[in-house]
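Work through the exercises below with the structure in view. Each task is followed by its solution in steps.

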Amino acid sequence: MKIRYQTYARFVEFFGKEGDIEVIPGTTVQGFLELLTGEDEKKQSLLFDENGTVRRYVIILKNKDRILNEETDSTDLQDGDELIIYPPVSGG
Amino acid sequence: MIFIQKEPIDTSHLFDLISPETGALVLFAGTVRADGMDHLLFETDIDEAEKELGIIVKEADSRWGPIRAQVTHRYGRMHIGEVIVLIAVAAGHRNEAFLAARYIIDELKTRVPIWKADVFNDKVAWIHGEKE
């Protein structure tokens, strides 16, 4: 199944502005993010802390709804879902 | 009222926030400081930024309300001295107005999808989040 993703600001330099990734049924948001980073340590360090947990100030939206970072491992994806991945914000 | 816009901020209607119940109006303006860059660049996800700011204002209202607030944040290229963000909060008393305005800017800086970059010699350097 196909999952579309979108990123902003400095994440664009690492992941591209947007893209599609084919995943197997049962893939969670956490699993998707791990596919996105692959084995690239820099990309991994942008999204995950040393325990492999999504960093606190990385914000994930699934189909426009924010999901808690501690829920990425229990949030399944469906074909056609759209993820938005925000780097830590710095407005104001 | 929430505005995410490229254009300079129109301040002519700010006092319209004042109602018969208002005893104080607090204004906070975040501006571009000369930090050695040529200019700043702001990027945002407008729909989500408006949505999250609306939630933040409601939270402030539930804690210090009733308040009437206007929050305007600009995006795009901004030069030294320009106003980036303007928060206006009208409340019954000054303490509530100050606290609500402070809450809104502090939450904005950690929750609202807006990103800032220094631009120097056409090189863009994205600035890390405040609590990163």
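**Exercise 1. State how many residues each chain gives to the contact between chain A and chain B, and how much area is buried.**

Step 1. Contact means heavy atoms within 4.5 Å. By that rule, 19 residues of chain A and 27 residues of chain B take part.

Step 2. Buried area is the accessible area (1.4 Å probe) that two parts lose on being put together, summed over both. For chain A and chain B this comes to about 1900 Å², with 50% of it on carbon and sulfur atoms. Val89(A), Ser90(A) and Gly92(A) supply 32% of the area that chain A buries against chain B, more than any other three residues.

Step 3. The model is predicted: local features need pLDDT of at least 70 and side-chain atom pairs count only at pLDDT 80 or more, while totals for chains, interfaces and linings use all residues. Residues are numbered from 1 along each chain as its sequence is written, chains are lettered from A and ligands numbered from 1 in the order in which they are written, and side-chain values use heavy atoms, with hydrogens and water left out.

**Exercise 2. Find the polar and charged pairs across the interface of chain A and chain B, and describe the side that chain A presents.**

Step 1. A polar contact is a pair of N or O atoms within 3.5 Å; within protein, one must be able to donate a hydrogen and the other to accept it, and residues adjacent in sequence count only if both atoms are side-chain atoms. The interface has 16 residue pairs of this kind, both residues at pLDDT 80 or more.

Step 2. Strands β3 (59-62), β4 (65-67) and β5 (82-86) of chain A are the elements that each give two or more residues to its side of the interface. Strands are DSSP runs of E, at least two residues long, and helices are runs of H or I, at least four, numbered from the N terminus.

Step 3. That side of chain A has ten nonpolar, three polar and six charged residues. Here Ala, Val, Leu, Ile, Met, Phe, Trp, Tyr, Cys and Pro count as nonpolar, Asp, Glu, Lys and Arg as charged, and the others, Gly among them, as polar.

Step 4. A salt bridge is a side-chain nitrogen of Lys or Arg within 4 Å of a carboxyl oxygen of Asp or Glu. Three salt bridges cross the interface.

**Exercise 3. Follow the salt bridge between Arg66(A) and Glu52(B).**

Step 1. The closest N and O atoms of Arg66(A) and Glu52(B) are 3.5 Å apart. The pair runs from strand β4 of chain A to helix α1 of chain B.

Step 2. Buried means under 20% relative accessible area, exposed over 50%, and partly exposed in between (1.4 Å probe, protein chains only). Arg66(A) is partly exposed because its relative accessibility is 28%, and Glu52(B) is buried because its value is 6%.

Step 3. In helix α2 of chain B, Arg111(B) and Glu107(B) lie four residues apart, about one turn of the helix. Their salt bridge has its closest N and O atoms 2.9 Å apart. Shared partners join Arg66(A), Glu48(B), Lys51(B), Glu52(B), Glu59(B), Glu107(B) and Arg111(B) into one network of salt bridges.

**Exercise 4. Which residues touch the most other members of the largest nonpolar core?**

Step 1. A nonpolar core is a set of buried Ala, Val, Leu, Ile, Met, Phe, Trp, Tyr and Cys residues joined through side-chain atoms within 4.5 Å.

Step 2. Among the 31 residues of the largest core, they are Ile87(B), Val89(B) and Ile104(B). Helix α2(B) gives the largest share of this core, seven residues.
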